Amino acid sequence: MLSTFSGLPRAAWIVFTGTVVNRLGYLVTPFLVFFLGSRGVPTEQIPYVLGALGAGNLIGPALGGLLADRVGRRATMIAGLVGTAAGQGLLFTAPGTVTLAFAAVLLSGAGSMVGPAASALLADQVTADRRRAAFSLFHWAVNIGTAVAGMLGGFLAARGYWLLFTVDVVSTLTYAVIAASLLPAGRAERTHRDATGGTGYGVVLRDPLMRALLPLFYVALVIYTFTEVALPLAIRDDGLSTTTLGLMATLNAALVVVLQPLAITVLARFRQIPVYVAGSILVALGVALTGVAHTPWAYAATVALWSLGEATIGGVAGSIVAALAPDHARGRYQGAYQWTWGTARFTALSLGTTLYATTGPATIWWFSAIAGTAAALGVGALSTAIGRRTGAQEPAPREQGRPTAATVEA
């Protein structure tokens, strides 16, 4: 099942290992509300800290992508990881709401700098025909680490929140050491300018395919994030316990960890745009069907559906973006994509909750079904244009997933 990942270069496996280690420390954020309550932060002030956490996710990806191209991939990753550890320490020791909010911005901003730099490094190190496998491996690492962290979090929190922060800091700094000692520095495009003389995100904004793709990815990511917002609210409204929510989270994590390597192996024979379209529609329909679920078994069926979609498309969008990016702007292209993810998450967590409460849950479910399917088909409609830019980079379907001689040598 793991043969699809064979032949990937050493750097891809180092990023995989470091990402698993880092995500093992994804403990504080899920329990942040409980931690703030234990610190005596008034309920009406907690949204300020959570909003600051979301704001950091809007700053970090853009900064990380820019620095990855200007300073270098590895240096940006290390800066983000060290900044994340500093944010964790400040968050634990902050004396008031203002300093807690500042720490939250630093934590999420620095943490979200790492992804664009790591993705750009993967695009540098992996041959074009193996990027899909490399980005899927990266996404799989995130899910493995997060799944284990989800099981550890409750156990550690019951014994003291300081344990959550300690594990987070240790795991983050461990990844920084791994990156500093084992990863190549990565290219730093200090002087390269795009066709119009710019060195910022204009190179992305002037790309018509990226202008078309990013809003479509945004819609899909908003719908996926509804699983963090609307699913808990729906379970609560049906009078089910928090145990049911915990079981759904565990089911999702287990299915994605088990199914993603299988999915990338089975689907390697197909081009990535049709795979993305099919998987994205599964996610949209799975989230939409939450509206007709009222028992734990029914919720489990919907979770299984969108988890299958998640396993199908894991890493594919990042691979598409990497294929579209010119060599000198890989960091900024990945930064733009991951900024879209941060914006979508911010939208879903804020606007999604408001819509659920004011217009009713049906709005969320119908939006997921209609907008999610339309966005997926929109990406499919761009297949020909994407193919003209990347067709030479993606092998014929029957060859997808086979390591080439150049890949093995790398």
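Hi everyone, let's start on the surface. Val-33, Phe-34 and Leu-50 come together there as a nonpolar patch, and their accessible area adds up to about 270 Å². Please keep in mind that this is a predicted model. Val-33 sits in helix H2, which covers residues 32–38. Val-33 counts as partly exposed because its relative accessibility is 40%.

Just before that helix there is a loop to look at. Leu-27 lies in the loop between helix H1, residues 10–24, and H2. Is Leu-27 buried or exposed? Leu-27 is buried, because its relative accessible area is 0%. Setting aside residues up to four places away in sequence, Leu-27 touches Ala-149, Leu-152, Gly-153, Leu-156, Leu-164, Val-167 and Asp-168. If you want a distance to check on screen, the C-alpha atoms of Leu-27 and Gly-115 are 18 Å apart, with the two positions 88 residues apart along the chain.

Now for the inside. In soluble globular proteins, nonpolar side chains tend to be buried together. Here, the largest nonpolar core has 54 residues, and those with the most contacts inside it are Leu-213, Phe-217, Phe-226, Tyr-276, Leu-324, Tyr-333 and Ile-386. Several helices supply at least two residues each, including H9 (202–205), H12 (272–288), H13 (296–313) and H16 (361–381). Which helix gives the largest share of this core? That would be H10, with 19 residues.

Let me pick out Tyr-333 from that core. Leaving out residues up to four places away in sequence, Tyr-333 touches Val-203, Val-204, Asp-207, Met-210, Val-321, Leu-324, Ala-325, Pro-326 and Arg-389. Apart from this core lies another one, of 33 residues, with Phe-5, Leu-121, Ala-134 and Ile-178 among them.

Helix H14 deserves a moment too. How many of its nine residues are buried? Nine of the nine are, so H14 is mostly covered under the cut-off for buried, which is under 20% relative accessible area. The buried residues of H14 include Gly-318, Ser-319, Val-321 and Leu-324.

On to the charged residues. The count comes to eight salt bridges. Asp-69 pairs with Arg-73, the closest N and O atoms being 2.8 Å apart, and both Asp-69 and Arg-73 are buried.

A second pair is Asp-124 with Arg-330, whose side chains meet in a salt bridge at 2.7 Å, N to O. This pair links distant parts of the chain: Asp-124 is in helix H6, residues 114–125, and Arg-330 is in helix H15, 206 residues apart. Asp-124 counts as buried because its relative accessible area is 17%. Arg-330 is buried as well, because its value is 8%. Both of these salt bridges fall within a network that links Asp-69, Arg-73, Asp-124, Asp-327, Arg-330 and Arg-332.

For another setting, take Asp-237 and Arg-236, a salt bridge with the closest N and O atoms 3.0 Å apart. Asp-237 is partly exposed because its relative accessible area is 44%, while Arg-236 counts as exposed because its relative accessibility is 53%.

Last, a word on confidence. The protein averages a pLDDT of 85, and 91% of the residues score at least 70. Where does pLDDT stay under 50? It does so over residues 395–410, for which the model has 31 contacts beyond four places in sequence. Where pLDDT is low, the predicted coordinates should not be read in detail. Thanks for listening!

Key: Residues numbered from 1 in each chain as written. Predicted model: local features only at pLDDT ≥ 70, side-chain atom pairs only at ≥ 80, totals over all residues. Heavy atoms only, no water. Patch = residues over 30% accessible without salt bridge, like charges linked within 9 Å, V, L, I, M, F, W, Y side chains within 5 Å. Areas by Shrake-Rupley, 256 points an atom, 1.4 Å probe, with all protein chains shown as cover. Salt bridge = Lys/Arg side-chain N within 4 Å of Asp/Glu carboxyl O. Helix = DSSP H or I, 4+ residues; strand = E, 2+ residues; numbered from the N terminus. Buried < 20%, exposed > 50% of the residue type's maximum accessible area, 1.4 Å probe, protein only. Core = buried A, V, L, I, M, F, W, Y, C linked by side-chain atoms within 4.5 Å. Contact = heavy atoms within 4.5 Å. pLDDT = per-residue confidence, 0-100.
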